[in-house]
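Trainee: I would like to go through the ligand site with you. Please tie each term to its cut-off.

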Amino acid sequence: MALDNTWFSEPHPASGSAFSLQIEERLFAQQSPYQYVEVYATVGFGNLMVIDGCVMLSQRDNFLYHEMLVHPALFTHPDPRRVLIIGGGDCGTLREVLKHPGVEQVVQVDIDEVVTRAAEQYFPELCESNQDPRAQLHFADGIAWVQNAAPASYDIIIVDSTDPIGPAEGLFAAPFLQDCLRALADTGLLVQQSESPLFHLESILKPLQRTLYQAGFAAVHTLHFPQCVYPSGWWTVTLATKTGDPTRFREQDAAAKPFVTDYYNVDIHRASLATPELMRRALAE
Ligand code: AG3
């Protein structure tokens, strides 16, 4: 049956699949200098943000992605105080980082202010910590920001980007990742959203892991979790350390986390580190 215009659909032509949500109305649409930003009210998933036709987040399920991008990284670092977020304009990542009481400073650098203004209006819960005195919001080019960062000035860099085509392409390339390594302190680590293990293993995950090693990171590990609104419904983040082991984390602290989550906990963290066979084969090198 053909979908009528009460559905939003993101096709993934390479796999002959699409993800669709029934919508009530379009709340926002603006061509920014960088991309086309839309917000829809959906029937069952709350508000939905779409950039250049790709689903960014829904109110119903963004906790999966945001919690898994942030908490494994923050519980892997021995003592994260200074965090840099590249992208993340909807502020959902920022909110999760600020849940960690030890964090002293979070700098968020998204190129597109239109995304943040839309999030403030249509995803206010994601922006509830934006006034935290530890948070700084900048609208600038993340690649240039990291290039100009002082050496060893961050404990964690989080790359919360769109797909690696268009504005985000450079965030998956060696020059940026080398700059990240330099900007990280010795115990520092990088975490990057790294697409679907079912659809992007050869095209994105494998090259990203290789590029991270080439850039000089000591160890790299990809974690996976369900994310129904993104292509294939199965998603990853990739951790890369300057010195430590990305598969070891502060388990006691994670078990005693002083904040509420909807997905992340110490068992989920352990489970997400386990590598499925198709990933193990493709990523073994
Ligand atoms: N970051 C987008 C992940 C990529 C989604 N890709 C897609 N739908 N084709 C989401 C930003 C949330 N802070």
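Trainee: Which element gives the largest share of the shell around the ligand?

Mentor: Strand 5, with four residues. Strands here are DSSP runs of E, at least two residues, numbered from the N terminus. This is a predicted model: local features need pLDDT of at least 70, side-chain atom pairs need 80 or more, and totals for chains, interfaces and linings use all residues. Residues are numbered from 1 along each chain as its sequence is written, and side-chain values use heavy atoms, without hydrogens and water.

Trainee: What makes a residue part of the 15 around the ligand?

Mentor: One of its heavy atoms lies within 4 Å of the ligand. E10, H66, D90, D160 and D163 come nearest of the 15.

Trainee: Why is the pair between D90 and the ligand called a polar contact?

Mentor: The term needs a pair of N or O atoms within 3.5 Å. An N or O atom in the D90 side chain is 2.5 Å from a ligand nitrogen, so the pair qualifies. H66 puts a polar side-chain atom 2.8 Å from a ligand nitrogen. For Y65 the distance to a ligand nitrogen is 3.3 Å. Both values fall within 3.5 Å.

Trainee: How much of the ligand does the protein bury?

Mentor: Alone, the ligand exposes 400 Å², and the protein buries 98% of that. The areas come from the Shrake-Rupley method with a 1.4 Å probe.

Trainee: Why is the ligand said to lie between domain 1 and domain 2?

Mentor: Because domain 1 (2-58) and domain 2 (62-284) both give residues to its shell. The bounds come from an automatic or database domain assignment.

Definitions and conventions: Polar contact = N/O pair within 3.5 Å; in protein donor to acceptor, adjacent residues only side chain to side chain.
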